[in-house]
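Please open the structure in your viewer and keep the selection tool at hand. The tour goes from one selection to the next, and at each stop it says what is there.

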Amino acid sequence: MDKEVPGLGSTVTIELDRTLFSAEAVLKTCHWFSKDFAFEICAREGACLSVSLTVKQASVASECVRADFISMATDFTLRERIEARTTSIRELLLAKAFAEAGVLEDSPEGVFGDPIEEEKPDGLFKILSNASG
Amino acid sequence: MRLTTTGSARNFAEGVVGRIAAHDLPQSERVHHIRLLQDCDGAIQDLTGYRGVLAYGSAPTSLPVVDRLREVLTFADGDVVVLEPNGFVRSLYRPREKHHSMFVTERCSSNCLMCSQPPKDHDDVDALTARNRELIRLMNPKPEYLTITGGEPTLLGDHLFDLLDEAKRLLPSTAIHILSNGRTLAWPQYCARIAELGHPDLSFGIPLYSDVAGDHDYVVQAKGAFDQTLSGFHQAARHGIRVEVRIVLHRLTVPRLARLAEFIFRNLPFAEHVALMGLEFVGYTARNVAELWIDPFDYQLELAAAVRFLSERGITVSIYNHQLCVLQPELWGYARKSISDWKNLYLPACEQCARREACGGLFQWAAKKHSSHIHPL
Amino acid sequence: MPRTFYPAENFAPVPNSVSLLPFRFTRLFGKELLVNEAGEYLFAPEGTVHALVSGSFAATTELYKDLKAKHFLYDDTSSPLLDILAAKIRTKFQHIYGGTKLHIFVVTLRCEHSCHYCQVSRQGAAKGEFDMSTATADRALALMFDSPAPHLTLEMQGGEPLLAFDMIRYLVPRAKAMAKERGKMLDLVVTTNLAVATDEMLQYLADEGVKVSTSLDGPAFLHNQNRPRPGNDSYERAIDGIARARKIVGVENVAALMTTTSASLDHVEEIIDEYVRQEFHTIFLRPISPYGFAVKSRKRTGYEMARFLEFYKRGLKHILEINRSGYRLAEIYTQILLTKILTPYGTGYVDLQSPAGEAWNVLVYNYDGNVFASDESRMLAEMRDNTFRLGNVHKDTRRTLLTSDAALAMFESSCNQTLVGCSDCAFQAYCGADPIFHHATQGDMYGHRPSSDFCARNMESIKHLFSYIAQDDPATMGIFWAWLTGRPLPSLEVPCA
């Protein structure tokens, strides 16, 4: 179905379901195709995005423009979902990475594991817990 | 070789630590010594000035004494022993050996399935510390290398810092290696205290059994241990404390060994050494043998891959407690004669072996369980 | 009281919630390549990313354990150990700490060669016309030692620096004295074609501990074709210079770099064989920089990046064969990329740093006192493009140089984490930004990645190295690790059965 070998100036049009592909993912995909293609994006009725890619370089080799485009847009959508779930922990990680030593460090978690020491009111465990608490 | 015996104890209420004098010494030299009376010593001599007396026969004396010893120990002049009020006699230090260790407590915050020194929850720290302070004073000649072991040495709190201070003062050129589960090191204040001691040659040997918490915690039988141990590694590195990674090889650690090697390289690149150790059939191991035992011959591929992985990346690797006939020849360069002299045994098959000198032999208890592939080379 | 043993489920229960840690991915060799925030990679079966995102991942598999151990996800059964991951990230960014380490002094533009690809040199100029003055040298040294870095490198360049030997003799003792005064370590290097090197000059370099970096573009026909000089004997002089320099300065203190031209592209094996013949143990297969005179003489030295990539791949194959035969020859760019991919560490190589190392980690003090963010920026200035001129030693302090408009504009576009195309790229941790390259080739510091030669070169090189990593041939990986650790090449002996 997708064995089109586009010649210079020819256009491939791809219809994408907006509920599956965000505008951002589509734009990023267009960006990566922009060396070889000029593109036009319009919103159509029924939550559809229409992307028209026009070949601008004679050296374009891809036979499967439609398949490649959709594959890349799918991956960018996945990346968006990863980013949405990891943005705040990423910020925390980078803040920790570049903070001064000890400033943003977590205290040790968990039990000490030695029943005798845990029972002592002035034991090592209490001292360490209080100091870090 | 035995290290303990029992007898009949009199005239003292706390442990007496002293150096063995197998022959009579002039009175001016007796103060650190425990006079060992053997059968050939005949009639009662003047024992004034000795710290204590040990005898196989009866030894009437008002000094601290343990006599009528039940088993024969190979005592030699200069050995450091402790006499305990309950009649136990323990050899603590033997100058003629290469490996020396100091036992500091039976308490532990983990409960490893293969622990060779199963923990006991009674507070022995004060008594053992007093004993060990005296031991440090009496070690002669001073050892090149001393391992501090337990239980979990970091549970000593300030006592460990005191012992290390004493060692720094009295054994200034002795390298100290502490075997620890590393969990206490997760607290930066603890690492700061260790670093403050300024000991010239101190390192920690810390076990790590998997690259994931669930597997490691199961082996050490302590929830949260993996997290604390890893944090401990990192805090130690942050404070300039030298660390080494130890891995005991058995059925639970071998399957993900390659992953663990990679984990060590990427997460603990500051570790100065990785020790891959054979399973000791002692302590808890017998109880858990079904889960733990795997013939070392059967994990040679995994072991070789892990050794190759680490040494290719410039990490120093050693293999402990494996016999040469069970290891692939390419690994012989990494095998160390690591079994303490008093634990060491050779099987009948070893009599004809051309490499017996270079090989570390087996543990005493290997007589009960060892590889089916021991053969002379 | 004896303790109880608990079963495995006690320590590894089925998690109630699984959370993702930040990562990037791409599709490679029929698999998915995932790269975490600290640049650690994992090859996973197709569909893994989708399963992770849609939460349909079984927590009992070995792959789940791999993903957890490599910081791609965490769950509520154990700590995500964020401080350790943060420490790993910090290690990758070591290059941003410590201040400017490399200081390049252009002591003269005079040169007796007229290399096709040269961006800057002046032939037939009189002494003094394009030479650094002592006043400029003094100011540049003062600025250099204002850098907080505890270990500095002073690199003397040109033109041909040996033509201004008096200036070398001026700089070296003063730099050493200042290093001693400030308690810093100092490395000294001179970048020279050795054509005019006398034994007396070499002896001076040896006495003062100055290392020599020279050029060897390949066998005689190629080297001389690339680097014309009166008498057309650049190669012969270089070989003679290398021999004498090795004898006087020491073999370990003489290194060679090559420059690739259109003429070089069909001769990669011959170039490499020349390096072996001359007993060098490192070689740097790098593309020609698109700056300065090279733009003018594009016909002679212009070429497509695709041709260079073929050159690089064929070259690396040949180099690996040479290593397999027991001769150690490390390819520098490969070594840099593999350090970023395979080890916990980052790189000191400015062009592959993010934030880009220009100005941060290198400063170029031109003969006239102008200060540039990199060697390439000064070449742009020769084409009357002063975009990356930070200031002048006679007017500026270190602070005003690094907060100049030129510096700030460049810093803004120098983090690949924030650039279009790079921000999602799986290879982000292994690559850099190079705003100066993009300004020069595309007219825009931010750059257009899809048509960028920088991007094409790095992406393809990294993919190529991942093909070796995925194949995991022990002999090949053993050679790479020997390069990375400085240890001997793996033994040629087959281990006995």
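The stops below begin with confidence, go on to the places where chains meet, and end with pairs of packed helices.

**Stop 1: confidence in chain A**

Before selecting anything, keep in mind that this is a predicted model. Select chain A and colour it by pLDDT, the predictor's confidence in each residue; the chain averages 83, and 88% of its residues score at least 70. Then select residues 65-98 of chain A, which form helix H2, where confidence in this chain is highest, at a mean of 94. The lowest confidence in chain A is found in H4(A), with a mean of 68. Where pLDDT is low, the predicted coordinates should not be read in detail.

**Stop 2: where chain A meets chain B**

Now show chains A and B together, and look for the contact between them, to which chain A gives 16 residues and chain B gives 21 residues. On the side of chain A, the elements that supply two or more residues are helix H3 (115-119) and helix H4 (124-132). H4(A) contributes the most to this side, with four residues. If you colour the chain A side by residue class, you will find nine nonpolar, four polar and three charged residues.

**Stop 3: the two domains of chain B**

Keep chain B alone and give separate colours to domain 1 (4-93) and domain 2 (101-367), as the domain assignment sets them out. Their C-alpha centres lie 33 Å apart, and nine residues of domain 1 are in contact with seven residues of domain 2. To find the domain 1 side of this contact, select strand E3 (16-21), strand E7 (80-83) and strand E8 (88-93) of chain B, each of which supplies at least two of its residues. By class, this side of domain 1 has five nonpolar residues, three polar ones and one charged one.

**Stop 4: where chain C meets chain B**

Bring chain C back beside chain B, where 26 residues of chain C are in contact with 26 residues of chain B. On the chain C side, select helix H1 (8-11), helix H3 (62-69), helix H4 (82-92) and helix H20 (474-485), the elements that give two or more residues. Which of the elements gives the largest share of the side of chain C that touches chain B? The answer is H3(C), with four residues. The whole chain C side divides into 14 nonpolar, five polar and seven charged residues.

**Stop 5: an oblique pair of helices in chain C**

Stay with chain C and select helix H10 (residues 268-277) and helix H13 (residues 305-324), whose axes are 9 Å apart and which pack at an angle of about 40 degrees. That angle makes H10(C) oblique to H13(C), and H10(C) passes H13(C) in a right-handed crossing. Show the side chains of C:Val268, C:Glu269, C:Ile272 and C:Val276 in H10(C), which make the contact with residues of H13(C) including C:Phe311, C:Arg314 and C:His318. The residues of this contact are six nonpolar, two polar and two charged.

**Stop 6: a roughly perpendicular pair**

Finally, select helix H14 (residues 332-342) and helix H19 (residues 453-471) of chain C, whose axes come within 11 Å and cross at roughly 70 degrees. The two helices, H14(C) and H19(C), are therefore roughly perpendicular to each other. Here C:Tyr333, C:Thr334, C:Leu337, C:Leu338 and C:Ile341 of H14(C) meet C:Ser461, C:Ile462 and C:Leu465 of H19(C). Colouring this contact by class gives six nonpolar and two polar residues, with no charged residues.

Key:
Residues numbered from 1 in each chain as written. Chains lettered and ligands numbered in written order. Predicted model: local features only at pLDDT ≥ 70, side-chain atom pairs only at ≥ 80, totals over all residues. Contact = placed C-beta atoms within 7 Å. Nonpolar A, V, L, I, M, F, W, Y, C, P; charged D, E, K, R; others polar. Axes fitted to C-alpha atoms, helices over the stretch in contact; angles between N-to-C directions. Parallel < 35°, antiparallel > 145°, perpendicular 65-115°, else oblique. Left-handed = near helix turned anticlockwise from the far one by under 90°. pLDDT = per-residue confidence, 0-100. Domains from an automatic or database assignment.
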